[in-house]
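These are my notebook entries on a structure that I looked up entry by entry. I began with the term that the later entries on charged side chains require.

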Amino acid sequence: MNNLFQYVPGKSVIHRMNPITKLLITIVICVAAFLSDRLLFLAGLLAVDLLIGVIGGVANRTWQIFRGLLKIAIFLFLLQVLLTRKGTPVFWIITDQGLLTAGKVVLRLVVVCMPLALMLAVTRISDLTNALVQVLHVPYQYAFTLSTAIRFIPQFMEEMSGIMEAQTARGVAFDKARGLKKFSMILPLCAPLLISSVRRTDQTAAAAEVRGFRLRTRQSGYKRYPFTGVDFGAFVFCGALLAAAIIL
Amino acid sequence: MICFKDLSFTYKGEKAPALSEINLTVEDGGFLGIIGPAGAGKTTLARAITGMIPHHYTGDFYGSVAVNGLDTVDTSIDEISRMVGMVFQDVESQIISPLVEDEILYGLENFGVPREEIPQRMAEALQKVGIADLQERSIASLSGGQRQKVAIASIIALKPQVLVLDEPTGELDPRSSRQIFSLLKELNEEQGITVILIEQKIMLLCEFAKQLAVVSGGKIIRQGNTRDVLAHADELQALGVNCPRVTTLSRMLSEKTGAAQPVCINLEEAEKMVRRLIG
Amino acid sequence: MITLENVSFAYADQGPSVQDVSFRLEKGEFAAILGANGAGKTTTVRLMDGLLKPTSGRVLINDMDTVKSQVSERARKVGFLFQNPDRQICKNTVREEILFGLRTVRGDEGEEALQARTDEVLKDFHFTGDEEPFSLSRGQRQRVALASILAVEPEILILDEPTTGLDYLECCHIMDRIRKMNEEKQVTVIMVCHDMEVVLDYARRALVMAGGRLLADGPVKEIFRNTELMEKASILPPQMIGLGLRLGDGFENADTPEGMAEAVMARRGKGGAGA
């Protein structure tokens, strides 16, 4: 869990792609998932997600993310199936339409979430923010906010597990509790966590400031992000995917 | 040169002043150690040098601080940061990037260091701090001590004229701490960088700093050459500031022999003193 | 008491960080684990409380294997003071913080007894009880954390760099309190500490680690005087011991400035040298 959002170094085609291209692929997959209403097409998109993970050389991570999403997906699926009243009953209170809608909702969720998490695995955050600033002319302040937020995820996790460890050691039974019980035990600990996070954010801002945060211009990034053949190939793929989503 | 003139500062929303009537001058090429109990105002002092006070942390500001003759109130943080580099006490909040390499790059990019110079600067900074092997690693995979070294390297890479460090070795073991102190000494002596170092590790501080300032309750209680300050060991101890044990030994021997012994700051000096005394 | 039998531990995707460590800590001991960054000290103390489970070997607390019970169940017996008090403190006042710890592990004793115990601890630590932990200094917060751990009266106290980030006086406050518990209540103490002067002043036994292995185990002063061992473990001995070793000739027995000064004066007396 701790490293679910962390960058995995590599030299795959996906790694070498322009960060903007990767962002585009992510967005296109999301858009396609909402444009199409066909179960088969959604399943196809899922295959595309998994394929990206494999080509990117992060098959393990892809599987991890998939497994994580599956838990939420199953929960949502059951909820949807049990709540849908339309259609003909298949057995008990479950209807054929319920199954179909639930399948689509869940598939859409997985299809949309996977590329976002995968992108973080194959793209350095600094490359993403620098490319956003250089290529798309996004103001640096916004790009910085994004990168800091992502940088905070592992820090937050680390702090949380540190707090839980300390509480366990003094007798709070985190090591015995499961599910909702555990969640209700974590809740009161969130106050100190938030206090320290806010304090920390302010200090991070100060630290960035004394290292020339305001001096940064669009051209400051050390690396440049030109589009290459791989990127144009990806553009064609994105176009095809969108077209398919509209037609199918 | 850094010059404090009658500086008093109270953080917005606080009643008691964090600093009161600070007068302090650090010459170019100086190596000043700042010591004092917790909550004495040491960090506030560092913030005043970098211009974070009054620009980032607001409050009642009286008197003046000048860095290279520029009044920090009239100078932007950007301009000051080109001269002054600062390593923060809380490493976690100082590190901005998820990767070591990016963390070192960050300041270099912002200050517009020429592209062809960057690889060299980065390699040099990492190597000096002794973490060349960590360049490609993610910050999350590093220990507290390693993170602290990354933070130091990211500032050293900027080659500031003045280096302010707020307890930069808290997470480091004695050997690594000594390494960092030696590096600071090297930067100070060979490149003439002014070093201002806040530190609780009194033994190392006394050995390396040329000058000492003792801060307590927002005031500078004593300042001067390290040895001169240490000569007032009793006064320091009353404030809750420890002295190196060799210094305590020279004070005890002065009392017992009834003759003033030199103020020792390291083992070599203590050995010499004892050998002279026992003939 | 705690026994480690051939304990090894490796974090996921990493090489072993503790390898084949064995030692036994008797009741009432005061031991310190020494070594450079990355020597495996913190991992070892975490293994001792079962916060980490050994990949091989066994850790026994009072002859009970740590894998056979949960960490939280042991909190009554084993107190753990972390480097960062903020991860432990979760209540708005010092009184509530101490009560929280007591209620968690001594809830069966009834509210009245716990309130009385809280009053006792507050008095002992010179807190009024109404202080808000997050507006206190780091050193004060560490004292709050220590107070709430000692309130439950554990038999074993594990300390992971308890004085990092504290000034000299705060450090003395914390360590004096721990020594008092050790001497008066026979609490077993094991600590990881980077300040060798503190180790010399407080600990009686030292365990030296390097590269995940236990290099040596013995009385603190003996360990510090083993120059070769210190070199191997990248440790600089405390100043007075270092000075004694440099001087040799009987001076190596002094370990405090007082002792050293006396030794010097005694030698001057014998040699008849004038002031």
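Entry 1. Salt bridges in chain C.
I first wrote down the term: a salt bridge is a side-chain nitrogen of Lys or Arg within 4 Å of a carboxyl oxygen of Asp or Glu. I also noted that the model is predicted. I then looked up Lys180(C), which forms a salt bridge with Asp124(C), and the closest N and O atoms are 3.7 Å apart. This pair links distant parts of the chain, with Lys180(C) in helix α6 (residues 168-185) and Asp124(C) in helix α4 (residues 111-124) of chain C, 56 residues apart. Lys180(C) counts as partly exposed, at 34% relative accessibility. Asp124(C) also counts as partly exposed, at 35%.

I turned next to Asp249(C), which forms a salt bridge with Arg267(C), where the closest N and O atoms are 3.0 Å apart. These two partners again link distant parts of the chain: Asp249(C) is in the loop between α10 and α11 (257-271), Arg267(C) is in helix α11 of chain C, and 18 residues separate them. Is Asp249(C) buried or exposed? Asp249(C) counts as exposed because its relative accessibility is 55%, and the cut-off for exposed is over 50%. Arg267(C) is partly exposed, with a relative accessible area of 24%.

A further pair in my notes is Arg24(C) and Glu26(C), whose side chains meet in a salt bridge at 2.7 Å, N to O. Arg24(C) is partly exposed at 37% relative accessibility, and Glu26(C) is partly exposed at 34%.

I also found a network of salt bridges that links Arg106(C), Glu109(C), Arg117(C), Glu120(C) and Glu153(C). Over all chains, the count comes to 44 salt bridges.

Entry 2. Two buried residues.
Where is Met230(C) placed? I located Met230(C) in helix α9 of chain C. Met230(C) counts as buried because its relative accessible area is 2%, and buried means under 20%. Leaving aside residues up to four places away in sequence, Met230(C) touches Val208(C), Ile223(C), Phe224(C) and Ile235(C). I recorded one of these partners in detail: Val208(C) is 22 residues from Met230(C) in sequence and 8.7 Å from it in space, C-alpha to C-alpha.

In chain B I looked up Glu199(B), which is found in the loop between β8 (194-198) and α9 (202-208). Glu199(B) counts as buried, at 2% relative accessibility. With residues up to four places away in sequence again left out, Glu199(B) touches seven residues by name: Ile34(B), Ile35(B), Glu167(B), Pro168(B), Thr169(B), Phe181(B) and Leu205(B). I noted as well that the C-alpha atoms of Glu199(B) and Phe31(B) are separated by 13 Å, with their positions 168 residues apart along the chain.

Entry 3. Backbone angles.
I wrote the background down before the cases. Most residues other than glycine have a negative phi, and most peptide bonds are trans. Which peptide bond did I find to be cis? The bond from Ile53(B) to Pro54(B) is cis, with omega near 10 degrees. Pro54(B) is found in helix α2 (residues 52-55) of chain B.

Asp63(C) is not a glycine, yet has a positive phi of about 65 degrees. Asp63(C) lies in the loop between β4 (56-61) and β5 (64-65) of chain C and is exposed, with a relative accessible area of 55%. Ser234(C), also not a glycine, has a positive phi of about 55 degrees. Ser234(C) is found in the loop between α9 (227-232) and α10 (239-247) of chain C.

Entry 4. Chain A and its nonpolar patch.
I counted 10 helices and two strands in chain A. From the N terminus on, they run α-α-α-α-β-β-α-α-α-α-α-α. Buried residues make up 50% of the 248 residues in chain A. The accessible surface of chain A comes to about 12,500 Å², and 72% of it belongs to carbon and sulfur atoms. Chain A has 26 positive and 11 negative side chains, and the centres of the two sets lie 2 Å apart.

On this surface I looked up a nonpolar patch with about 1,200 Å² of accessible area together, whose members include Leu70(A), Phe75(A), Leu82(A), Phe91(A) and Trp92(A). The elements that give two or more residues to the patch are α4 (59-83) and β1 (89-91) of chain A. Which element gives the most to the patch? Helix α4(A) does, with seven residues. Leu82(A) is placed in this helix and is partly exposed, with a relative accessible area of 35%.

Notes: Residues numbered from 1 in each chain as written. Chains lettered and ligands numbered in written order. Predicted model: local features only at pLDDT ≥ 70, side-chain atom pairs only at ≥ 80, totals over all residues. Heavy atoms only, no water. Patch = residues over 30% accessible without salt bridge, like charges linked within 9 Å, V, L, I, M, F, W, Y side chains within 5 Å. Areas by Shrake-Rupley, 256 points an atom, 1.4 Å probe, with all protein chains shown as cover. Helix = DSSP H or I, 4+ residues; strand = E, 2+ residues; numbered from the N terminus. Buried < 20%, exposed > 50% of the residue type's maximum accessible area, 1.4 Å probe, protein only. Lys, Arg positive; Asp, Glu negative; His and termini not counted. Charge placed at Lys NZ, Arg CZ, Asp CG, Glu CD. Contact = heavy atoms within 4.5 Å.
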